[in-house]
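Me: I should like to learn how the features of a structural model are read, one at a time. Could we begin with a helix and proceed from there?

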Amino acid sequence: MGATEMELLECLAGGGMTTIAIRIPVNFKEAAAEEAALRRISFSAFSRMCMIDELTKGNK
């Protein structure tokens with residue numbers, strides 16, 4: 001039996017933080033930062049949210 005959605009979210013969101021560097025086009029970063037600002041969250045939080053959504057798609 002697979003993990004529940006809550007277990008999967010806890011696994012992905014839990015744990016320590018690490019620093020990463022990614023190279024993306026400036027206009028892509030600016031568009032994502034604008035979307036994050038509209039949601040009143042940081043760019044980092046928006047990025048994590050998008051990654052978690054993608055990684056849990058198959059579990060929904």
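Reply: Let us begin with the length of a helix. At 1.5 Å a residue, the 13 residues of α2 should span 18 Å, and the end C-alpha atoms of α2 are 18 Å apart, so expectation and model agree. Please bear in mind that this is a predicted model.

Me: How is confidence in the prediction to be read, and in which helix is it lowest or highest?

Reply: The general idea is one of caution: where pLDDT is low, the predicted coordinates should not be read in detail. In this chain the mean pLDDT is 88, and 95% of the residues reach 70 or more. Confidence is lowest in helix α1, residues 5-13, with a mean of 81, and highest in helix α2, residues 26-38, with a mean of 97.

Me: What is the relative accessibility of Ala36, and is this residue buried or exposed?

Reply: Burial is judged from relative accessible area, with under 20% taken as buried and over 50% as exposed. Ala36 lies in helix α2. Its relative accessibility is 1%, so Ala36 counts as buried. As for its place in the fold, the C-alpha atoms of Ala36 and Leu12 are separated by 20 Å, with their positions 24 residues apart along the chain.

Me: Which residue follows α2, and what is the sign of its phi?

Reply: Backbone torsions are read residue by residue. Arg40 follows α2, and its phi is positive, near 60°. This positive value occurs in a residue other than glycine. Arg40 belongs to the loop between α2 and α3, the latter covering residues 43-56. With a relative accessible area of 79%, Arg40 is exposed.

Me: Where is Ala21 placed, and how is such a loop residue to be described?

Reply: One may give its position, its accessibility and a distance to another part of the chain. Ala21 is in the loop between α1 and α2. Ala21 is exposed, at a relative accessible area of 76%. From Ala21 to Phe43, 22 residues apart along the chain, the C-alpha separation is 13 Å.

Me: How many salt bridges does a search of the whole structure find?

Reply: A salt bridge is recognised from the separation of a side-chain nitrogen and a carboxyl oxygen, the cut-off being 4 Å. The search of the whole structure finds two. In one, Glu35 pairs with Arg39, the closest N and O atoms being 2.8 Å apart. In the other, Glu54 pairs with Lys57, with 3.0 Å between the closest N and O atoms.

Me: What are the relative accessibilities of Glu35, Arg39 and Lys57?

Reply: Glu35 is partly exposed, at 29%. Arg39 also counts as partly exposed, at 44%. Lys57 has 53% relative accessibility and therefore counts as exposed.

Me: Why is there no bond between the sulfur atoms of Cys11 and Cys50?

Reply: A disulfide requires two cysteine sulfur atoms within 2.5 Å. The cysteine sulfur closest to that of Cys11 is in Cys50, at 19 Å, which is too far for a bond. The count of disulfides is accordingly zero. Cys11 is exposed, at 58% relative accessibility, whereas Cys50 is partly exposed, at 31%.

Me: Which residue lies over the face of Phe43, and how many aromatic pairs does the structure hold?

Reply: Ring contacts are examined both between rings and between a charge and a ring. The structure holds zero aromatic pairs. Lys29, however, lies over the face of Phe43, at 5.0 Å from the ring centre. The C-alpha atoms of Phe43 and Lys29 are 8.8 Å apart, and the two residues are 14 apart in sequence. Phe43 is found in helix α3 and counts as partly exposed, at 28% relative accessibility.

Me: How far apart in sequence and in space are Arg48 and Leu12?

Reply: Sequence separation and spatial separation are to be read side by side. Arg48 and Leu12 are 36 residues apart in sequence, while their C-alpha atoms are 9.4 Å apart in space. Arg48 lies in helix α3, and with a relative accessible area of 38% Arg48 is partly exposed.

Methods. Residues are numbered from 1 along each chain as its sequence is written. This is a predicted model: local features need pLDDT of at least 70, side-chain atom pairs count only at pLDDT 80 or more; totals for chains, interfaces and linings use all residues. Side-chain values use heavy atoms; hydrogens and water are left out. Buried means under 20% relative accessible area, exposed over 50%, partly exposed in between (1.4 Å probe, protein chains only). Rings of Phe, Tyr and Trp (its six-membered ring) pair if their centres lie within 6.5 Å; planes under 30 degrees apart count as stacked, over 60 as edge-to-face and the rest as tilted. A charge sits over a ring if NZ of Lys or CZ of Arg is within 6 Å of the ring centre and within 35 degrees of the ring normal. pLDDT is the predictor's confidence in each residue, from 0 to 100. Helices (H or I, at least four residues) and strands (E, at least two) are DSSP runs, numbered from the N terminus. The expected span of a helix is 1.5 Å times one less than its number of residues.
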